[in-house]
Amino acid sequence: MDNITLNNGVQLPPIGFGVFQSSPEDTVDAVRTALEVGYRHIDTAAAYGNERQVGEGIRASGVDRDDIVVETKIWVSDYGYDETLHAFDKATRKLGFDTVDVLILHQPAPDRFAKTVAAYQALEQLYADGRVRAIGVSNFMPHHLRSLLDQTDVIPALNQIELHPYFTQPDVQRADAEHGILDQAWSPIGGITFYPGFGDERVSVLDDPTIRAIGEAHGKTAAQVMLRWHLQQGRNAIPKSTNPGRIAENFDVFDFALSDEELASLDALDTGKRNGPDPDGTDTSRFERVIPED
Ligand code: A2P
């Protein structure tokens, strides 16, 4: 498995481990299991409420902290320069580590973009101080990126976006590529297409007949096919699972290859329809959620 090299030289494994919607009770075991299976990159967020358990899982695994890429996100209610520096202290306290490897803004806040920029400038400071090894963004659309790049110095190392075969955001991928920003896929196997609470008219990507047929041809599951598609297209993917069998399944994607035709038929499944929250949405009530100190 070759690592991905970020635009500042930092190495990132292509398949990371996601803990969005992993309850604190499940997260310690999930992270420990993932590290035992071979994952070396864990993606969490202040807003997931499980940073503490991610730290515990890492320590319980016995794997050397320096061999693991720990990624977390600043939530919108902590945007602003000083607020974000303080949010970093909250995150490191919960994780139990002095440094974070990849620190990103959870999403743009269109109703307070100046604070979004100030938050990013705090990330730049933490990067300059050596407290984080790479900084980035999440859910940024091309116009958010343009505006951010105009007002800041360090080009984000990555942009974490909703990206699975039913929603591939080619415009964002193009904008990222123009600046050497890595596309990091959240819901890489389309969990957002079946998670409860995100709308009723969704169809699970895991049930897609094209993906299943490709999987059958390789003796692999639909989830493995999607992860291989990300891998071969140079993206970082962070599948979430709390089930030991599926945690292992999602890491068992290094022994087969999709053909160009198969990759193209996966690309062709894009519906252009977003499943997660609109980064330009006007319902900003969830931004007010307060991230606890401890
Ligand atoms: P679980 O934690 O019970 O395994 P995504 O990362 O794309 O958002 O997808 C996560 C969702 O997909 C979760 O509901 C997770 O449930 C489920 N999941 C994870 N891995 C697999 C898999 N290999 N096959 C089927 N479902 C999976």
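**Close-up views of a predicted model**

**View 1. Helix α5 and its surroundings.** The elements that cover the buried residues of α5 include α4 (113-128), β7 (132-138), β8 (158-162) and α6 (170-178); contact means heavy atoms within 4.5 Å. Helices (H or I, at least four residues) and strands (E, at least two) are DSSP runs numbered from the N terminus. Within α5 (residues 142-151), Pro 142, His 144, Leu 145, Leu 148 and Leu 149 are buried, that is, under 20% relative accessible area (exposed: over 50%; 1.4 Å probe, protein chains only). Because these buried residues cover an arc of only 155° around the axis, they lie on the same side of α5; the arc is taken from the directions from the helix axis to the C-beta atoms. Arg 146 and Asp 150, on the other side of α5, are exposed.

**View 2. Ligand site.** The ligand is surrounded by 17 residues, the closest being Ser 187, Lys 240, Ser 241, Arg 246 and Asn 250; a residue counts if one of its heavy atoms lies within 4 Å. An N or O atom in the side chain of Ser 187 is 2.7 Å from an oxygen atom of the ligand. A polar side-chain atom of Glu 249 lies 2.9 Å from a nitrogen atom of the ligand.

**Notes.** The model is predicted: local features need pLDDT of at least 70 and side-chain atom pairs pLDDT 80 or more, whereas totals for chains, interfaces and linings use all residues. Residues are numbered from 1 along each chain as its sequence is written, and side-chain values use heavy atoms, without hydrogens and water.

Technical notes:
Polar contact = N/O pair within 3.5 Å; in protein donor to acceptor, adjacent residues only side chain to side chain.
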